[in-house]
Amino acid sequence: QVQLVESGGGLVQPGGSLRLSCAASGSGISISAMGWYRQAPGKQRELVAIINSGISTNYADSVKGRFTISRDNVKNTLYLQMNSLKPEDTAVYSCYAGARTVLTMWGDYWGQGIQVTVSS
């Protein structure tokens, strides 16, 4: 089974920064795309940023120029550097990975989600 564990969320003031991490694990894991999604109260889940197995990335227009997605393929870890945070960035952020293990076929996996709150 694939496990995704997020860390790095919390409370930050407007204009501040946070760095989210997502560690993926599983027996003989192989990972294709990884990404971050978020869901604010009363809103649908939306894509924040995604990165394929190489270096190709895609961002939501609302975070372009402020957020940077990256991954360490040796550590099987995904990152999201969030700068110039705004109150509207407040949401539960979830990690996504397309992955397989020696025991499972390719599938979509999600972390448990982590709260990011931007408030003064």
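## Aromatic pairs

In this predicted model, three aromatic pairs are counted when ring centres have to lie within 6.5 Å of each other. One of them joins Y37 and Y96, whose rings meet edge-to-face, with 6.2 Å from centre to centre and 75° between the planes. Because Y37 belongs to strand β4 (residues 30-39) and Y96 to strand β9 (residues 91-100), this pair ties together parts of the chain that are 59 residues apart in sequence. Y96 has a relative accessible area of 13% and is buried.

Y37 also forms an aromatic pair with W110, again described as edge-to-face, at 4.9 Å centre to centre and with 65° between the planes. Here the partner of Y37, which lies in strand β4, comes from strand β10 (residues 107-110), so the contact ties together parts that are 73 residues apart in sequence.

## The cluster around Y37

Taken together, ring pairs link Y37, Y96 and W110 into a cluster. Within this cluster, Y96 is buried at 13% relative accessible area, whereas W110, at 34% relative accessibility, counts as partly exposed.

## Charges over rings

W110 is also met by a charged side chain, as the charged end of R45 sits over the ring of W110 at 4.0 Å from its centre. A further arrangement of this kind involves R19, whose charged end sits over the ring of Y79, 4.1 Å from the ring centre.

Technical notes: Residues are numbered from 1 along each chain as its sequence is written. This is a predicted model: local features need pLDDT of at least 70, side-chain atom pairs count only at pLDDT 80 or more; totals for chains, interfaces and linings use all residues. Side-chain values use heavy atoms; hydrogens and water are left out. Rings of Phe, Tyr and Trp (its six-membered ring) pair if their centres lie within 6.5 Å; planes under 30 degrees apart count as stacked, over 60 as edge-to-face and the rest as tilted. Helices (H or I, at least four residues) and strands (E, at least two) are DSSP runs, numbered from the N terminus. Buried means under 20% relative accessible area, exposed over 50%, partly exposed in between (1.4 Å probe, protein chains only). A charge sits over a ring if NZ of Lys or CZ of Arg is within 6 Å of the ring centre and within 35 degrees of the ring normal.
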